[in-house]
Amino acid sequence: MGSRLELSNAIRALAMDAVQQANSGHPGMPMGMAEIAEVLWNHHLRHNPANPQWFDRDRFVLSNGHGSMLLYALLHLSGYDLPLAEIRRFRQLHSKTPGHPEHGCAPGVETTTGPLGQGLANAVGMALAERMLAAEFNRGSLDIVNHYTWVFVGDGCLMEGISHEACSLAGTLGLGKLVAVYDDNGISIDGQVKGWFADDTPKRFEAYGWQVIPDVDGHDFEALEQAFTRAKAQTGKPTLICCKTVIGKGAPTRAGTAKAHGEALGAGEVAATRASIGWNHAPFDVPASVYAGWDARAKGAALEGEWNQKFSAYEKMHPQLAGEFNRRMTSELPANWRAHCGAFIAAVNGKAETIATRKASQNAIEALAPVLPELVGGSADLTGSNLTNWSGSKAIGRETGGNYLHFGVREFGMAGITNGMSLHGGLIPYAGTFLVFSDYARNALRVAALMKIRAIFVFTHDSIGLGEDGPTHQPVEHAAALRIIPNMDVWRPCDTVEAAVAWIAAIERRDGPTSLLLSRQNLPFQQRALGQIEAIARGGYVLVEAPGKPQCVIIATGSEVPLALGAQQALAARGVAVRVVSMPSTNVFDRQDPAWRESVLPRGVPRVAVEAGVTGFWRKYVGAADDPKGAVVGIDRYGESAPAGELFKYFGFSVDNVVTTVHSVL
């Protein structure tokens, strides 16, 4: 087997060769963290390359995802199904080695990283999920949930604000199985970071409540070994290991410079680096002795085998818990789920309540959570406004388990942590804040959609109906902004039944996140036939048919549906037949077959959309702004501070204005 230095140099060689061949990438970080990676992956990380989804594996997150070749090299060398051909195709179309790690692309990649700091927040969520599941399932020595979360971070991760949000909460909660390794190389794209990043990072993390192991030589195997061992010995606090490294280590002229960060070294420097580190092998040529030193398949199989024996004993002693554990780990919903949901919707329909949809959302959580113990939630210091708690909520604390997390005022961190909890498995997380603050969380929402993970975001106070708090808190563009995120389902229900259907759809969806947009103000219950209730799940449906052949279709969502119905009645009195379509989810409606869409929105019939938000989004349904057969009643400016009722009248959200707009398209 190769020496530890040879094993580390294999990472350097693969990284510089792949980046050079692609003529694109970041070779410096993999070259600088090679020894750190060798110590962790060969001596501390519990994983099985033959089964990347083994539940009790350690989670490894590369938050400084621009250094993706470090992860790809580790996966390839240790025995994952990532052949050398994929390393050669680094950053090429349809390869399993894209420029930044992508969840679901290469086996062993736990999360999509690259937007700096988010991987660190994901790791906090993973560590939190591990602790919650351990508290729920472990019994005595049968600790079937017992693994660490390791995360590599760079200067950029720690400069991003999300790192403050997530790491402060991690320290408060005492997540002792979370270990972050800081690649302190002092270099970013613009050069030496001391000109713009002079934080005392160890003191900062000590203030958060972390164990800090400072001044570790990131190229000293023994020092790293001691640091990792010390990190695992501390179970009451997360740990930050501060490693001093040289970016691009081994490159004769580029090591320690910004030139090593984000561009290929160049053919001459690659050749000189080979000579400098004693790597006398052709590009992408790895000796058998080095592969043997990295191969983790036998060790991984043994680790998983030990766990399987433990779980077999667990199944015998705790069969019901074991069955529940298996259900949760396979993301299957309870056997009685559909029957329970059907009874719940029938009950909601029978009550016919006029309440705010945020309250209807809370009622849905109250009804669904008892049969869905994996449903865990939280709010960014707005629980009493978002109504994201329920009677069975138990706050997660430093010493306690639970199912409800007070995130504090940390919207971006909350979304990143929620993504990490979803990625970990075994939980269905949801998180709440005001819709206007989805802007703070937006990049994490985008990454959730990119990863196609099941995460639910509860956004209340969804329009100018918020009222007196004024335009800073009144979302205008936010519904449209969320709807245009690919793979994000957005629901804006108009009453209790639509809210119930939206929650069920979000939980049942396994291929992407969902945003629920909910009102602060009460909204009237709408009467429906059974077929209409079933049609809600299709995103858009005919709520009230026209009295005769429709001359116009009014499309509305949320709090504006009652306006559409009022206008329909007023127009009917004038002999104008209007169909009202409720469209709680444009995303879901757009996925329906053409026949359904045509049956709801027939061609050739003028359309008017009504929503208290920007008008441009609705042009895809009603036609361009200069199309005389389509119009939008909306708001293309910021709101005002006043009672909600006054604001709706002031901005033209009235029956009379909807009637006038319909006449304008006829």
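A cavity, in the sense used in these legends, is a set of grid points where a 1.4 Å probe fits but cannot get out, whereas a pocket is an open set. The views below are taken from a predicted model.

**Figure 1. Cavities of the predicted model, with the largest one in close-up.**
A search of the whole structure finds 3 cavities of 30 Å³ or more. The largest cavity holds about 100 Å³ of space, and of the 14 residues that line this cavity, H47, D58, Y80, G108 and E110 are the closest to its centre. Sorted by class, the lining of the largest cavity comprises 6 nonpolar, 4 polar and 4 charged residues.

**Figure 2. The second largest cavity and a buried loop residue, I635.**
The volume of the second largest cavity is about 60 Å³, and its lining consists of L435, D462, P475, V476, H478, A479, R492, L517, E611, A612 and G613. By class, 6 of these lining residues are nonpolar, 2 are polar and 3 are charged. I635 is placed in the loop between strand 20 (630–633) and helix 27 (644–650), and this residue counts as buried because its relative accessibility is 3%, where the cut-off for buried is under 20%. Leaving out residues up to four places away in sequence, I635 touches I464, V476, E611, A612, G613, V614, T615, F651 and F653; among these partners, V476, E611, A612 and G613 also belong to the lining of the second largest cavity. The C-alpha atoms of I635 and F648, which are 13 residues apart along the chain, are separated by 10 Å.

**Figure 3. The largest pocket and the helices that contribute to its lining.**
With a volume of about 660 Å³, the largest pocket is lined by 29 residues, of which Q53, S331, S422, L423 and G425 are the closest to its centre. Helix 14 (319–329) and helix 18 (411–424) each supply at least two residues of this lining, and helix 18 gives the most, with 3 residues. The lining residues of the largest pocket divide by class into 11 nonpolar, 9 polar and 9 charged.

**Figure 4. Helix 19, its bend at A444 and its packing partners.**
Helix 19 spans residues 438–451, 14 residues in total, and reaches 18 Å from its first C-alpha to its last, which is close to the 20 Å expected at 1.5 Å a residue. The helix bends by about 35° at A444, and A444 is itself one of the buried residues of helix 19, together with S438, A441, L445, V447, A448, A449 and M451. These buried residues pack against helix 6 (118–137), helix 18, strand 11 (428–434), strand 12 (456–460) and helix 20 (478–483).

**Figure 5. G432, a buried glycine in strand 11.**
G432 lies in strand 11, and this residue counts as buried because its relative accessibility is 0%. Not counting residues up to four places away in sequence, G432 touches G378, S379, A380, N386, T388, M414 and V458. For scale, the C-alpha atoms of G432 and P547 are separated by 41 Å, the two residues being 115 residues apart along the chain.

**Figure 6. Two exposed residues with positive phi, K452 and D215.**
Most residues other than glycine have a negative phi. K452, which follows helix 19, has a positive phi near 60° and is placed in the loop between helix 19 and strand 12. K452 is classed as exposed because its relative accessible area is 53%, the cut-off for exposed being over 50%. D215 likewise has a positive phi, in this case near 55°, but is found in strand 6 (residues 211–217); because its relative accessible area is 67%, D215 is also exposed.

**Figure 7. R520, a partly exposed residue in a loop between two strands.**
R520 is found in the loop between strand 14 (514–518) and strand 15 (522–523). This arginine counts as partly exposed because its relative accessibility is 36%, a value between the cut-offs of 20% and 50%. Apart from its neighbours within four places in sequence, R520 is in contact with A356, R358, H461, G465 and L466. R520 and L445, which are 75 residues apart in sequence, are 22 Å apart in space, C-alpha to C-alpha, and L445 is one of the buried residues of helix 19.

Conventions: Residues are numbered from 1 along each chain as its sequence is written. This is a predicted model: local features need pLDDT of at least 70, side-chain atom pairs count only at pLDDT 80 or more; totals for chains, interfaces and linings use all residues. Side-chain values use heavy atoms; hydrogens and water are left out. On a 1 Å grid over the protein atoms alone, a cavity is a set of points where a 1.4 Å probe fits but cannot get out, and a pocket is an open set with protein on both sides within 12 Å along at least five of seven lines; lining residues have an atom within 4 Å of a point. Grid points are joined across faces, edges and corners, and a volume is the space filled by probe spheres set on the points. Ala, Val, Leu, Ile, Met, Phe, Trp, Tyr, Cys and Pro count as nonpolar, Asp, Glu, Lys and Arg as charged, and the others, Gly among them, as polar. Helices (H or I, at least four residues) and strands (E, at least two) are DSSP runs, numbered from the N terminus. The expected span of a helix is 1.5 Å times one less than its number of residues. The bend at a residue is the angle between axes fitted to the seven residues ending there and the seven starting there. Buried means under 20% relative accessible area, exposed over 50%, partly exposed in between (1.4 Å probe, protein chains only). Contact means heavy atoms within 4.5 Å.
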